[in-house]
Amino acid sequence: MIRPLTAEQAFELMKTGSVEVIDVRDPSEWSTGHLDKARLVPLEQLRASPKASLKRDGVIFVCAAGVRSETAARLAAAQGLREVYNLKGGVRAWSKAGLPLVSDLSVAV
């Protein structure tokens, strides 16, 4: 089951350290700002190799507006993950809520 989260809910869940954040945008989007401690796994990479890309249960998927992350969440659920979350509104909603983005250029994989 995929659980939608508001930006505020995702932020609180992330503070517990119990979830991984996977950003499914493209590297060019990632470099403009992403959630702290997120791991970049572009959606096409996730589609091509879901088992290699999904290292654990308890994942929040993020994209620009919430559409690609919903697709990623469905892929994860199809792989048997049970704690799957989708950030509603994506990075746009996160920014609109006044939550911080980091813009380091390194790509965590």
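**View 1. Asp23 of strand β2 and its partners in the neighbouring strands.** Asp23 stands opposite Val62 in β4, and its bridge partner in β3 is Leu40. The model is predicted: local features need pLDDT of at least 70 and side-chain atom pairs count only at pLDDT 80 or more, whereas totals for chains, interfaces and linings use all residues. Residues are numbered from 1 along each chain as its sequence is written, and side-chain values use heavy atoms, with hydrogens and water left out. Helices (H or I, at least four residues) and strands (E, at least two) are DSSP runs numbered from the N terminus. Two strands pair if DSSP finds at least two bridges between them. β2 (residues 20-23) and β3 are joined in the parallel sense by 2 bridges, with Ile22 opposite Arg39 in β3. Between β2 and β4, which also run parallel, there are 4 bridges.

**View 2. The open sheet and its edges.** The sheet contains 5 strands in the order β1-β5-β4-β2-β3, with parallel pairing. Its edge strands are β1 and β3 (39-40), each of which pairs on one side only.

**View 3. Side chains of β2 and β4.** In a regular strand, side chains alternate between the two faces of the sheet. From β2, Glu20 and Ile22 point one way and Val21 and Asp23 the other; all are buried, a term that denotes under 20% relative accessible area, with exposed meaning over 50% and partly exposed lying in between (1.4 Å probe, protein chains only). From β4, Val59 and Phe61 point one way, Ile60 and Val62 the other way, and all are buried.

**View 4. The crossover from β4 to β5.** β4 and β5 pair in the parallel sense over 3 bridges, and Val59 stands opposite Val84 in β5. The chain passes from β4 through α5 to β5 in a right-handed β-α-β crossover, right-handed meaning that, with the strands pointing away from the viewer, the path from the first strand over the helix to the second runs clockwise.

**View 5. Helix α5 and its buried face.** Helix α5 (residues 67-78) has 12 residues and an expected span of 16 Å, taken as 1.5 Å times one less than the number of residues; its end C-alpha atoms are 17 Å apart, which agrees. Ser69, Ala72, Ala73 and Ala76 are the buried residues of α5. Seen down the axis, these fall within an arc of 105°, so they line one face of the helix; the arc is that of the directions from the helix axis to the C-beta atoms. The exposed residues Val67, Arg74 and Ala78 lie on the face turned away from the buried side of α5. The buried residues of α5 are covered by elements including β1 (2-5), α3 (43-48), β4 (59-62) and β5 (84-87), where contact means heavy atoms within 4.5 Å. After α5 comes Gly80, with a positive phi near 100°.

**View 6. Helix α1 across the sheet.** Helix α1 (residues 7-15) lies across β1, β2, β4 and β5 and runs at about 110° to β1. Axes are lines fitted to C-alpha atoms, for helices over the stretch in contact, and angles run from 0 to 180 degrees between N-to-C directions. The buried residues of α1 are Ala7, Ala10, Leu13 and Met14. Around the axis they cover an arc of only 125°, which puts them on the same side of α1. These buried residues pack against β1, β2, β4, β5 and α6 (90-96). Gly17, which follows α1, has a positive phi near 75°.
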